[in-house]
Amino acid sequence: MRTQDYATASDEELMGWLVEGDRRSFETLANRHLDRALRTAARVLGNAADAEEIAQEAMLKVWTRSQSWRPGRAKFTTWLYQIVVNLALDLRRRPSTEPLDRIEEAVDPSASAGAALEERQRQRAVRKAIEQLPVRQRAALTLCYYEGLSGQEAAHVLSTSLKGVEGLLLRARRMLKQRLWSQGL
Amino acid sequence: MTLSEFRRLLEIWGSDPQRWPAGDRERAIALLGDSPEARRLKDEARKLDRALDAMPLPIDLQASARRLKGAVLARAARLPEKPGPRDWLRLYWARAGAFVAVAAVAILLGWVISEPGDPHSSSDDVASLLMRDTSGSGP
């Protein structure tokens, strides 16, 4: 009886059922991984409106492209990251829909007014430095630093080699360091 | 591991040993135990990590996820019952059809403009038409 299995089934098992057209498997995967898609898109794109658009498209592609899923080739999450990142890279060729300045920084509510202002300025500087990175460097940083993927997994997502990923990370971190240090942060 | 290799490791993966490639982790940790310079480099790399860690997500994740879940499931419900090879085949045929249509229009246009057998080039014809229009539109 499959009805009892959805909650405990692995992503890969759910994908196997989804390929047969099982909508409930899709719903389970969407419930499990929509957050991941949103988080990744938001980090790569830097704004909420674009992230929502990409996360939604990515989840629908899980359904429409389920036939291209190859069990054993990569984890479901790696495949999903690949869909999200490719959509985000495509979107970045178009202008952003939401100015970055409208994004609110999160500040510790217990901080004093002066400390809160300082923290906001610091976060704004870091955000701008990240925003100025080329989008593939931002994607590599998102995958490896924030999402905890290994170099090999990130290489698969970005369709490059391990050396390629390391090069993207090296350049990203060097550029961030240079920009932030030059502003005294 | 040499100090130079360790510096590069930090520049790529940051200061947290959990992020270091498994193949390098043990040697890097051994170097940290032996070298004050390695520890200094790690502390320096930690500064950038702290700045990255302090960056909030530019999205209210829970609110967005709540809003999107319904939309995703509703859109998926309108998609074909079983996405299969036939859908891909249909897409390829549609693309091939569009390509043939565009190619046919281009060939037809080329034939109409160039008037086969006429030694004059099509660009001359267009230029003379433009000249006639311009001369007739003055005050």
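Reader: Where does helix 4 of chain B bend, and by about how much?

Author: In this predicted model, the bend sits at B:Leu68 and comes to about 25°.

Reader: How do you know what helix 4 of chain B should span?

Author: Count 1.5 Å a residue for its 17 residues, 61-77, and you expect 24 Å. The end C-alpha atoms are 24 Å apart, so the value agrees with the expected one.

Reader: Which residues of that helix are called buried, and what makes a residue buried?

Author: The cut-off is 20 or more other C-beta atoms within 10 Å of the residue's own. In helix 4 of chain B, B:Ser64, B:Ala65, B:Leu68 and B:Val72 are buried. What they pack against belongs to chain A: helix 2 (23-45) and helix 3 (48-64).

Reader: How many residues of the two chains are in contact?

Author: On chain B there are 30, and they touch 41 residues of chain A. Helix 4 of chain B gives the largest share of chain B's side, with 10 residues. That side divides into 22 nonpolar, three polar and five charged residues.

Reader: Over to chain A. Why is A:Ser159 called exposed?

Author: Exposed takes 12 or fewer C-beta neighbours within 10 Å. A:Ser159 has 10 inside 10 Å, so A:Ser159 counts as exposed. You'll find A:Ser159 in the loop between helix 7 (151-157) and helix 8 (162-182) of chain A.

Reader: What is phi of A:Ser159 near?

Author: Phi is near 50°, a positive value in a residue other than glycine. Most residues other than glycine have a negative phi.

Key: Residues are numbered from 1 along each chain as its sequence is written. Chains are lettered from A and ligands numbered from 1 in the order in which they are written. This is a predicted model: local features need pLDDT of at least 70, side-chain atom pairs count only at pLDDT 80 or more; totals for chains, interfaces and linings use all residues. Helices (H or I, at least four residues) and strands (E, at least two) are DSSP runs, numbered from the N terminus. The expected span of a helix is 1.5 Å times one less than its number of residues. The bend at a residue is the angle between axes fitted to the seven residues ending there and the seven starting there. Two residues are in contact if their C-beta atoms, placed from the backbone, lie within 7 Å. Ala, Val, Leu, Ile, Met, Phe, Trp, Tyr, Cys and Pro count as nonpolar, Asp, Glu, Lys and Arg as charged, and the others, Gly among them, as polar.
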